[in-house]
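Welcome! Here are some exercises on reading a protein model, each followed by a worked solution. Take your time, and keep the structure open beside you.

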Number of protein chains: 2
Amino acid sequence: MPVNLQAPRAQDLFPVAGVRIGVTEAGVRKQGRKDLSVFLLEPGAAVAGVFTRNRFCAAPVLVCREHLAAGLGIRAIVVNTGNANAGTGEDGLARARATCAALARHLGIAPEQVLPFSTGVIMEPLPVERIEAGLPAALADAQPDHWLRAAEGIMTTDTLAKAFSRQVQVGGRTVTITGISKGAGMIRPNMATMLGFMATDAAIAPALMKPLASELADGSFNRVTVDGDTSTNDSFVVIATGKAGNAPVTSLDSADGAALKAAMLEVARLLAQAIVRDGEGATKFITVRVEGGRDGDECRKVAYAIAHSPLVKTAFFASDPNLGRILAAVGYAGIDDLDQTLIDLYLDDVHVAVKGGRNPAYREEDGQRVMKQSEITVRVGLGRGSAADTVWTCDFSHEYVTINADYRS
Amino acid sequence: MPVNLQAPRAQDLFPVAGVRIGVTEAGVRKQGRKDLSVFLLEPGAAVAGVFTRNRFCAAPVLVCREHLAAGLGIRAIVVNTGNANAGTGEDGLARARATCAALARHLGIAPEQVLPFSTGVIMEPLPVERIEAGLPAALADAQPDHWLRAAEGIMTTDTLAKAFSRQVQVGGRTVTITGISKGAGMIRPNMATMLGFMATDAAIAPALMKPLASELADGSFNRVTVDGDTSTNDSFVVIATGKAGNAPVTSLDSADGAALKAAMLEVARLLAQAIVRDGEGATKFITVRVEGGRDGDECRKVAYAIAHSPLVKTAFFASDPNLGRILAAVGYAGIDDLDQTLIDLYLDDVHVAVKGGRNPAYREEDGQRVMKQSEITVRVGLGRGSAADTVWTCDFSHEYVTINADYRS
């Protein structure tokens with residue numbers, strides 16, 4: 001059961017001028033599932049992506065990087081589920097390229113104008129012939145208002161589709177932002193999530209796209225974790241079609257640029273948090289906030305140590321305020337000169353530990369009250385400086401084990 | 001159910017001349033449990049310890065370090081379960097010192113000659129008055145042949161006591177080594193395990209004790225992980241009573257020194273592996289061997305990434321050869337210039353992946369056969385050099401979640 005996450009409704013998702021989406025059932029791994037999606041972009045769209053830092057990155061990730069570097073202008077995106085085309089060596093690369101070539105032939109464009117994405121089981125050959133066979137149906141389905149279908153079409157172990165939309169004024173024009181994401185396990189994105197796609201019709205100077213995509217990923221997908229496993233296929237793509245008619249945004253620090261970035265970040269964060277809310281087996285949504293660090297890096301280290309500790313995560317699952325486990329995780333997070341006598345710990349508004357020891361005023365029933373909530377903020381004070389950072393995670397339940405012990409079968 | 005681990009039998013454990021052990025029920029946390037153990041050492045014993053690197057180390061760990069540094073000669077060890085005396089601030093230190101002072105009064109020695117150890121729940125005040133009240137009964141129980149009682153007396157979530165004994169010839173004398181350990185969760189020792197105690201009656205030059213303890217921990221407790229959580233209380237203590245009558249070992253590289261060290265390492269490794277075999281919810285014992293690294297450090301990084309991945313651990317639990325998960329963990333282990341096209345993966349004798357892709361000769365049923373075993377070796381070749389290292393871990397089951405969601409209640 002996702003934590004405080006609703007299924008998106010088609011009517012809440014604004015189409016983005018310049019983007020059409022088609023989805024079909026290609027039977028990549030199983031029959032009767034939407035598993036093949038295409039995004040068709042009108043000429044002139046600016047596109048940037050950020051990709052997994054996993055050194056075992058998947059074939060489609062390698063091909064995406066090549067095709068973005070080719071600079072011919074991206075005109076299409078093709079996404080399959082059921083097979084990650086990762087751990088597949090040279091043959092996997094050939095199959096990812098074949099997918100792009102097949103879609104390019106249909107559209108009369110160059111293969112380098114297509115970005116391929118795959119998600120699903122690792123180390124099995126991509127059934128490229130099924131994808132090729134499915135392309136005509138996907139193309140015939142292409143419509144501007146198919147964002148919800150696409151959100152459904154990229155799901156794997158997700159229990160709900162993830163899609164959000166916002167509109168914002170940029171240069172006197174109403175600009176639309178719509179994004180989708182997928183992912184529920186093998187989630188500790190490093191540069192991006194499993195798969196996230198976001199489009200806006202705003203005009204944005206092409207040179208801004210790459211830093212914008214990095215900043216958005218950094219404030220959203222790079223701050224969530226389900227199980228600490230950085231995927232081989234993490235990809236986050238940002239598209240700006242330029243159809244809104246605004247004067248192109250040439251600086252992210254201008255009033256227009258800042259407004260647009262804030263709205264895009266909001267969508268990115270909702271998409272990233274939705275992945276945690278729908279994390280495999282999740283019953284709680286946990287915000288881990290670490291303050292008082294010397295720099296953001298050490299705050300993140302501590303936050304991730306807490307967010308990845310199986311002991312902390314099972315205590316949240318049990319609603320058991322066994323909060324010493326959080327202190328233990330702070331201690332092994334890797335800050336060598338940490339002074340435990342400066343550590344503070346809060347659970348929402350409850351001050352649990354002070355100067356590294358139990359707060360004399362702390363009462364177990366107060367901790368218990370917060371632990372029973374479905375949304376909990378853990379706040380740690382390091383007492384070393386003024387930096388802070390936040391990550392979002394979920395608890396660790398029986399259901400996680402069940403899902404991951406049964407995923408392939 | 002522990003994996004291929006038998007309960008030790010009292011008759012298999014050799015007493016160590018110069019060490020007497022007493023155990024009692026002090027009711028530290030619950031009634032009817034052996035939870036207080038004392039080790040009494042004759043004058044002249046050489047003692048060294050290695051302790052957790054968790055910066056949130058427990059009060060008894062801080063006091064142990066002080067007392068070893070004081071150099072008065074250690075004469076007694078006191079261990080309680082039920083309460084870790086960690087995350088307890090200044091008050092916790094005072095309580096650890098009070099425990100030592102109480103035992104010292106009974107024995108007519110200095111408090112600095114006592115080493116205190118605690119294990120159990122974190123961030124609750126140590127009930128030192130119950131420990132003090134229990135000391136007379138523990139002292140009255142002291143006998144040389146109580147190693148099994150001590151192994152039972154230090155258990156927390158362990159399902160079996162852990163104790164091993166060996167004898168070896170050193171300088172023409174038969175020398176005895178006996179050790180015990182405890183721990184089943186919050187296990188990723190860094191310098192030591194939860195608790196391990198090992199004694200020999202061999203005479204060893206005091207200056208060798210500290211490097212010997214480090215080497216033993218490094219080859220045993222520092223190579224195992226259950227859940228990646230480095231405890232606040234990890235401690236491993238090595239005692240040499242010198243009662244065997246051998247000419248003191250003055251070099252670990254001499255024939256005698258090497259023979260003694262090898263036997264002690266064997267006992268340390270059995271104790272450390274026993275912790276994994278009895279890991280919370282463990283159904284399988286996994287050896288992760290990483291070869292072909294540039295140095296041992298990067299081999300360990302990769303081995304721990306595999307050993308800590310919840311996805312890998314749940315796949316082992318399910319006996320599902322979902323081996324792409326292992327490749328993914330190799331990829332995110334933190335070797336920035338890793339070349340995925342050089343990676344080999346073996347499951348016991350089955351060659352699963354070659355050059356970063358699925359081995360064409362690999363058959364799912366071969367992977368399945370190995371995954372069903374209770375003891376499995378994962379072997380990864382990095383193709384970067386000639387270094388290698390090994391860690392031992394267990395799988396991740398429903399039972400782990402159950403144990404850790406219920407531990408305090």
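## Exercise 1: A strand with two faces

In β3(B), B:A46, B:A48 and B:V50 point one way, while B:V47, B:G49 and B:F51 point the other way, and all are buried. (Strands are DSSP runs of E of at least two residues, helices are runs of H or I of at least four, and both are numbered from the N terminus; a residue is buried if 20 or more other C-beta atoms, placed from the backbone, lie within 10 Å of its own, exposed if 12 or fewer, and partly exposed in between.)

Before you start, note that this is a predicted model, in which local features need pLDDT of at least 70, side-chain atom pairs count only at pLDDT 80 or more, and totals for chains, interfaces and linings use all residues. Residues are numbered from 1 along each chain as its sequence is written, and chains are lettered from A and ligands numbered from 1 in the order in which they are written.

**Task.** Explain the two-way pattern, then find how β3(B) is paired.

**Solution.**
- Step 1. In a regular strand the side chains alternate between the two faces of the sheet.
- Step 2. Six of the six residues of β3(B) are buried, so the rest of the structure largely encloses this strand.
- Step 3. β3(B) and β10(B) run antiparallel and are joined by six bridges; two strands count as paired if DSSP finds at least two bridges between them.
- Step 4. Across from B:V50, in β10(B), stands B:F236.

## Exercise 2: The sheet of chain B

**Task.** Work out the strand order of the open sheet in chain B, and say which strands stand at its edges.

**Solution.**
- Step 1. The five strands come in the order β3-β10-β8-β7-β6, with mixed pairing.
- Step 2. β3 (46-51) and β6 (162-170) of chain B are at the edges with a single partner strand each, so one side of each has no neighbour in the sheet.
- Step 3. From one strand to the next, the twist averages 15°. (Axes are lines fitted to C-alpha atoms, for helices over the stretch in contact, and angles run from 0 to 180 degrees between N-to-C directions.)
- Step 4. Further along the order, β7 (173-182) and β8 (195-200) of chain B pair in the antiparallel sense over six bridges. B:K182 has B:L195 in β8(B) as its bridge partner.
- Step 5. Now add the helices. Helix α1 (59-70) of chain B packs on the sheet, touching β3 and β10 (235-240) of chain B, and its direction makes about 145° with that of β3(B). (Residues are in contact if their C-beta atoms, placed from the backbone, lie within 7 Å.)
- Step 6. Helix α6 (255-277) of chain B lies across β6, β7 and β8 of chain B, at about 170° to β6(B).

## Exercise 3: A threonine in a loop

**Task.** Is B:T156 buried or exposed, and which residues does it contact beyond its neighbours within four places in sequence?

**Solution.**
- Step 1. Locate B:T156 in the loop between α4 (147-153) and β6 of chain B.
- Step 2. B:T156 has 21 other C-beta atoms within 10 Å, which means that it is buried.
- Step 3. With those sequence neighbours left aside, B:T156 contacts B:T81, B:T119, B:G120 and B:K182.
- Step 4. Look at β4 (76-83) of chain B as well: eight of its eight residues are buried. β4(B) pairs with β2 (36-41) of chain B in the antiparallel sense over five bridges, and in β4(B) B:V79 is the bridge partner of B:S37.

## Exercise 4: Two chains together

**Task.** How is chain A superposed on chain B, and how many residues of each are in contact?

**Solution.**
- Step 1. A rotation of 180° with 0.0 Å of shift along its axis does it, with an RMSD of 0.0 Å. (The superposition is by least squares on the C-alpha atoms of residues with pLDDT of at least 70 in both copies.)
- Step 2. The two copies are therefore related as by a two-fold rotation axis.
- Step 3. In chain A, A:H398 has the C-alpha nearest the axis, 2.8 Å from it.
- Step 4. As for the contacts, 56 residues of chain A meet 57 residues of chain B. On the side of chain A that touches chain B, α9(A) gives the most, with seven residues.

## Exercise 5: Confidence

**Task.** What is the average pLDDT of chain A?

**Solution.**
- Step 1. pLDDT is the predictor's confidence in each residue, from 0 to 100.
- Step 2. Chain A averages 89, and 95% of the residues score at least 70.
- Step 3. The model scores ipTM 0.73 and pTM 0.80.

Note on methods:
Contact = placed C-beta atoms within 7 Å.
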